[in-house]
Amino acid sequence: WSEGARRLYGYTAEEAMGRVLMDLVTPEENREAALRHRPTVLAGLTLEYEPDTCDKHGRVFPVYARIRPVPPSDGIGPNMYVAVAVDISARREAEAAIRRHGEGQEEIASLGRLALRGGSLEGLFDQAVGMASRVLSSDCADLVEWCPDAPGFIIRTAVGWSDERIHQRIAGEERLALSYMVRSREPVIVEDWEQERRFERSSELLARGVRSSVAVLVGDVDSPFGVLAAHYEHPGAVPPDCLPFLDALANVLADAIRSRDVQEQIRHDSLHDGLTGLPNRTLFLDRVGHALARNNRHPQLLAVFFIDLDHFKLVNDSLGHEAGDELLRLVGPRFESAIRPSDTLARLGGDEFAVLCEQLPSEVSATRIANQLTSALEEPIVLNGRDHVVSASIGIALGTPESSAADLLRDADAAMYNAKQAGRGRYELFDKEMLARVLTRVRTESALRTALADEEEIYVAYQPLVSLRSGEVVGAEALARWRHPDRGAISPMEFIPVAEDSGLIHELGAQVMRRAARESTAWQDDPDFAGIAVNVSVRQLVQPDELATLVREVIAAEGIPPGFLTLEITESVLIEQLDDARDALESLNDLGVRLSLDDFGTGFSSLSYLADLPFDNVKIDLSLIRNIVDRPQAAVLVAAIIDTVQALGKQVIAEGVETLEQATRLQELGCDIAQGYYFAKPMAPDMLTALIQDQPSWLPPSKRSPVTARRRQRPARTNRVTQL
Ligand code: C2E
Ligand code: CA
Ligand code: CA
């Protein structure tokens, strides 16, 4: 029992002498196996092998052992042996490391292949944690996801832990080592939790009996996904060369997570609207489809709402696209506030939104939701630092067993269109007739497109404007007319809105203005005839340059004085809201044409802005004129308008005068000019020529101004008349 043997096994020579060698160095469990070598030794052969041996303190370690017989002095057979042992734990460890490395490479390659196949991330996580535990011979391992908002971790996968631990949340303070890693971006190795001074062992690691751990970061250092860790129940059990392997696993996972994120982003983008982040038409139809399918299994009431912002194009044209985009972004949350979280709000495109509501208790609740959607817009929306009142028209379609998602959306659209027609800012429930009306409208648009290429189909009718002082025709309003070859006359009430919605209004407006200017040259020489009035859509007004160019071109082409042309612009909320309305009106005014505020009394009816805007006259809407004879209140109102407008130095024109009584009443109220069926309906230009020639006596002689009697003798236009 040499000095070397003492160092290796811890027994002194005194302790060892006289004992059975196997009892001394062979661990209990290996003794039976060791006995198998006996015959070799007894046969006098040299035995070389690498058994595990244990020292005095119970430490087990591998040795290279050689047991050689000493040649017998008596020649009978060996009875003495020399045994030599060399500690080979270092070599074994190196071999294990090489083997682990090889296995590790294999595992990483197979994990990489799995990731490429694009299976679920969960599956990949399970594989990776399993591999880490296997290759690094750990007692348990886990992958935890870092949740920066909480902050803390969610256990995504674990092996060697109980199953209920998966998807558990752990607070950041509980696993300081992990939080530390996320911050320091360094791998962490804890050789012995009991000696560890940087962080405390968490209660769960303690409960699991973990004594040593290794952990690496998964994902970009800037936005890590989480941490992959292996744990051991013994101190110092972390294999020394484990980091490259764990890092490689973490890299495969990080790549897979990244590509999944990219795919999800692409998928998300293809189903959502970039501006508002809301589901798009595709996703919406998909959701409606699923809802209808569910509906067939468990019948319940579902509704689709089609929402269209009123006058959105005008906002866009007048305030710019950025303000338009901003408006769209701002209305989304408004609508969301009106519905339940389980309902779907989508942006279909442009200024169109849609809502899907399921499990409605009744039809009434659908209309209640429509009301909520409308009221969600009541608060003004701030754009470019100014308040804007926005409204929306809503169409509702209720799901039926036969309907498809596309049908439902189309029906809701049709109902929305009806809501628009009925005066905007309101809702309508779909019924079958609506569809027919929508189809007509689509037909009208394409027919109008054709008609605009044809001189015959679209023409202009003129309705005289009569002075209530002189009783003479002092002007005419040019009104667009459309005679369709099959459908006959189509009312401007029908085709003007279609032209406005489709953008055809620009071409139509230009044709009417050119033609009216050309045809009006016939009346230019009449001393009392002050000019013609042409209607201009607000849609033309929001493109002031185009409109100004048109006006200049028309004046030059027909050689009419600019003051001979009046542009009638409908009074509406928008005039006041349009930031550029004033500029547009000023620039038209600068051209020398006259401006008329049309349909006064139907829109905002505020006289306050009238003072600022360069209108030359105001036309009181026929809805106000209709009752002036029967209802004293109506007359009071009209009287007030007349006085105010005249006080501002502008003329008043009464529209829709149908009876002599109305004409006389207006005359008494001091109204300047009247227009209406009582005098004449809109007519062809040569008929107006004839009418001007033999001036009828529309007003009773007693009421007629003496000037009228001398009309034909008057050499030049009076100031009063040329003011029209
Ligand atoms: P508006 O500018 O208010 O034109 C007056 C409308 O009242 C005309 O209808 C005219 O025929 C009608 N009217 C005239 N006198 C009476 C009356 O005594 N009683 C009744 N009940 N109605 C009377 P019309 O021609 O059908 O035009 C309807 C609207 O279409 C016009 O209303 C105008 O807003 C628009 N419009 C017509 N032509 C054009 C155009 O060339 N361009 C644009 N932008 N709009 C046009
Ligand atoms: Ca008009
Ligand atoms: Ca009018």
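A quick definition before you start: the helices and strands here are DSSP runs, a strand having at least two residues, and they are numbered from the N terminus. Keep in mind that this is a predicted model.

**Exercise 1. Find which strand gives the largest share of the shell around ligand 1, and work out what else surrounds that ligand.**

Step 1. Start with the neighbours. Ligand 1 is surrounded by 21 residues, and the closest are Q463, R481, D598, E658 and Y677.

Step 2. Sort the shell by residue type. You get ten nonpolar, five polar and six charged residues.

Step 3. Look for polar contacts, which are pairs of N or O atoms within 3.5 Å. E477 has a polar side-chain atom 3.1 Å from an oxygen atom of ligand 1. For N535, a polar side-chain atom sits 3.0 Å from an oxygen atom of the ligand. Y677 uses its backbone instead: an N or O atom there lies 2.8 Å from an oxygen atom of ligand 1.

Step 4. Check the cover. On its own, ligand 1 has 790 Å² of accessible area, and the protein covers 85% of that.

Step 5. Now the elements. Those giving two or more residues to the shell are β19 (473-484), α17 (492-502) and β23. The winner is β19, with four residues.

**Exercise 2. List the protein donors of the calcium ion (ligand 2) and say where they sit.**

Step 1. The donors are E477 (OE), N535 (OD1), E568 (OE) and D598 (OD), at 2.1 to 2.2 Å from the ion.

Step 2. Write out their spacing along the chain: E-x57-N-x32-E-x29-D.

Step 3. Place the first pair. E477 belongs to strand β19 and N535 to strand β21 (residues 532-536), so this pair ties together parts that are 58 residues apart in sequence.

Step 4. Add E568, which you'll find in strand β22 (residues 565-570).

Step 5. Buried or exposed? Use the cut-off: buried means under 20% relative accessible area. E477 is at 4%, so it counts as buried. E568 has 2%, so it is buried too. N535, with 29%, is partly exposed.

**Exercise 3. Which residue bridges the calcium ion (ligand 3) and the calcium ion (ligand 2)?**

Step 1. Get the donors of ligand 3. They are D598 (OD), D599 (OD), E655 (OE) and E655 (OE), lying 2.1 to 2.4 Å from the ion. Notice that E655 is listed twice.

Step 2. Read their spacing in sequence, which is D-D-x55-E.

Step 3. Compare with the donors of ligand 2, where D598 also turns up. That makes D598 the bridge, and the two calcium ions lie 3.9 Å apart.

Step 4. See what gets joined. D598 lies in strand β23 (residues 594-600), while E655 is in the loop between β25 (651-654) and α25 (660-668), so the pair ties together parts that are 57 residues apart in sequence.

Step 5. Check burial again. D598 is buried at 3% relative accessible area, and E655 is buried at 10%.

**Exercise 4. Which residues of helix α22 are buried, and why do they end up on the same side?**

Step 1. Pick out the buried residues of α22 (residues 581-590): A581, A584, L585 and L588.

Step 2. Look at their directions. They cover an arc of only 95 degrees around the axis, which puts them on the same side of α22.

Step 3. Bring in the general rule. An α-helix has 3.6 residues a turn, so residues three or four places apart point the same way.

Step 4. Finish just past the helix, where G592 takes a positive phi of about 95 degrees.

Note on methods
Residues numbered from 1 in each chain as written. Chains lettered and ligands numbered in written order. Predicted model: local features only at pLDDT ≥ 70, side-chain atom pairs only at ≥ 80, totals over all residues. Heavy atoms only, no water. Donors = N, O, S within 2.8 Å, 3.2 Å for Na, K, Ca; no water. Buried < 20%, exposed > 50% of the residue type's maximum accessible area, 1.4 Å probe, protein only. Arc of directions from axis to C-beta. Near = heavy atom within 4 Å. Polar contact = N/O pair within 3.5 Å; in protein donor to acceptor, adjacent residues only side chain to side chain. Areas by Shrake-Rupley, 256 points an atom, 1.4 Å probe, with all protein chains shown as cover. Nonpolar A, V, L, I, M, F, W, Y, C, P; charged D, E, K, R; others polar.
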